[in-house]
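This report sets out selected structural features for a reader working at the bench. Please consult the sequence and the structure shown here alongside the text.

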Amino acid sequence: MDRHDILPERPVERSRGFMPGVSVNPSRILFTAGLTGRHPDGSLVSGGMAPQTHRACERLQAVLARAGAKFEDVVKQLVYVTDLEAYNADGRSERGKFFGSTRTASTGLVVQRLADPTMLIEIELVVDVAGSPQAKPLLEKYNAEEHSGQFYQGVIVNGGRLIYLAGQVANNRDGSVAGVNDLRRQAEKVYDNIGHVLHAAGATPSSVVKETTWVLSIDAWRQHGTPVRRGFYRGDYPASTLVEIRALARPEFLVEIEVIAAVA
Amino acid sequence: MPFSTIATPEAKPVANYKMATCHEGGQLLYISGQVARDTSGNIVGKGDMRAQAQQVFQNLQQVLRAAGGDLEDLMKITTYITKIEDFPAVAEARSAVFRGELPASTLIVVKSLFDPEFLIEVEGIAAIGE
């Protein structure tokens, strides 16, 4: 495990129950998908921020449990909300019930939209999992509950080396933008670029453990991007998060995807 | 700096950052999204991206140093801003901080951060020496 809390006394994070930095010896690392307040049948729990936060954390707890982990093993959390006032009023305290006194590294973002327009919160985790990676496959991809999404709820990396890709956009080798006003073309180019970088690292699409897809329109992405994504992963999906945001580095960019992969 | 850099002529970055990095050993450090608060917790540079970006990178460096590393140990950063018009000021602050190439990098313009006063938040992942 060998976990170190970095600058625990710094008041900025301390007052909010977070830790400025957490370092671990990455022996077994779990990446969760961004999880939300959905029931197993895909519908969203009713009642707004508090029930959605509770349900998202309950599902994360199940994903952690499958890996033999608890909230106290979480290294980093990323919290996406669409309504900051509601989060401050009802979400933060609900999330706190699950984390207790555990202080993790954390980032919080207010985004335009999550998978469902009425979703208020989505949380993803990076977790230090106990146990030896020996005699285990490099990647353990699993679901803690049935769902119809094209992703795994958790992926454990057993003793491999982690590869962090820069956010990939639809740029050609000469720096020009591929597929201006054409999301399908941009999706193809982004996955081409990801494929090339993975190849250079000795990895393949099935080596991807976590994916974050940032788009200007989730509706447009489902129509034009999802088929391209399906062709890239061919069923061997990572844990993933899909988020609608305001803008990317250039006005032409409609999508940016970043992935974390692992090799032996 | 226990990580390697991945590069390929087939896919090049759109600016001065690494396309990918691979952790090769040592501790893996996850750094919280850093915002423009000083050591006492007060917000620095209200409405001033340049001042906020400087404070953010200073805070990031403080965490890295406390972990026994420094900016060159960063494998990956993600920069979240709220207005794309602010990007030039961010790019300027970043190049003042990083000598040479940036880590693998992502830039996202979000609706807002967790305090409406914040214009920028930067999180990072670093590989800290054996």
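The sections below treat a sheet, its helices, a strand, a group of aromatic rings, an asparagine and the cysteines in turn.

## A sheet built from two chains

The model described here is predicted. An open sheet of six strands runs in the order β1(A)-β2(A)-β3(B)-β7(B)-β4(B)-β5(B), with mixed pairing. Its edges are formed by β1 of chain A (4-6) and β5 of chain B (104-109), each of which pairs on one side only. On average, and with direction ignored, neighbouring strands of this sheet are turned by 15° against each other.

The junction between the chains lies where β2 of chain A (residues 21-24) meets β3 of chain B (residues 27-34); these two strands pair in the antiparallel sense over four bridges. Within this region, A:Ser23 stands opposite B:Leu29 in β3(B).

## Helices packed on the sheet

Helix α1 of chain B (residues 49-66) packs on the sheet and touches strands of both chains: β1 and β2 of chain A, and β3, β4 (74-81) and β7 (120-128) of chain B. The direction of helix α1 makes about 25° with that of β7(B).

Helix α2 of chain B (residues 87-97) also packs on the sheet, where it touches β4, β5 and β7 of chain B. The direction of helix α2 makes about 155° with that of β4(B).

## An enclosed strand in chain A

Strand β11 of chain A (residues 239-244) is largely enclosed by the rest of the structure, because six of its six residues are buried. Both faces of the strand are covered. On one side the buried residues are A:Ala239, A:Thr241 and A:Val243, and on the other they are A:Ser240, A:Leu242 and A:Glu244.

Strand β11(A) pairs in the parallel sense with β10 of chain A (residues 208-215), over six bridges. In this pairing, A:Thr212 has A:Thr241 of β11(A) as its bridge partner.

## Aromatic rings

Over all chains, the structure holds 10 aromatic pairs. One of them joins A:Tyr191 and A:Phe232 in a tilted arrangement, with 4.8 Å centre to centre and 35° between the planes. This pair links distant parts of the chain, 41 residues apart: A:Tyr191 belongs to helix α4 of chain A and A:Phe232 to helix α6 (residues 226-233) of chain A. A:Tyr191 counts as buried because its relative accessibility is 3%, under the 20% cut-off. A:Phe232, at 13% relative accessibility, counts as buried too.

A:Phe232 and A:Tyr233 form an edge-to-face pair, with 4.9 Å centre to centre and 85° between the planes. Both A:Phe232 and A:Tyr233 are buried. Ring pairs link A:Tyr191, A:Phe232, A:Tyr233 and A:Tyr237 into a cluster.

## A buried asparagine at contacts with both chains

Which residues does A:Asn193 touch, beyond those up to four places away in sequence? The list comprises A:Gln168, A:Val169 and A:Asn171, together with B:Glu10 and B:Ala11 of chain B. A:Asn193 lies in helix α4 of chain A (residues 183-200). With a relative accessible area of 1%, A:Asn193 is buried.

## Cysteines

How many disulfides does a search of the whole structure find? The search finds zero over all chains. Among the cysteines, A:Cys57 counts as buried at 0% relative accessibility, and B:Cys22 counts as buried at 3%.

Methods:
Residues are numbered from 1 along each chain as its sequence is written. Chains are lettered from A and ligands numbered from 1 in the order in which they are written. This is a predicted model: local features need pLDDT of at least 70, side-chain atom pairs count only at pLDDT 80 or more; totals for chains, interfaces and linings use all residues. Side-chain values use heavy atoms; hydrogens and water are left out. Buried means under 20% relative accessible area, exposed over 50%, partly exposed in between (1.4 Å probe, protein chains only). Contact means heavy atoms within 4.5 Å. Two strands pair if DSSP finds at least two bridges between them. Axes are lines fitted to C-alpha atoms, for helices over the stretch in contact, and angles run from 0 to 180 degrees between N-to-C directions. A disulfide is a pair of cysteine sulfur atoms within 2.5 Å. Rings of Phe, Tyr and Trp (its six-membered ring) pair if their centres lie within 6.5 Å; planes under 30 degrees apart count as stacked, over 60 as edge-to-face and the rest as tilted.
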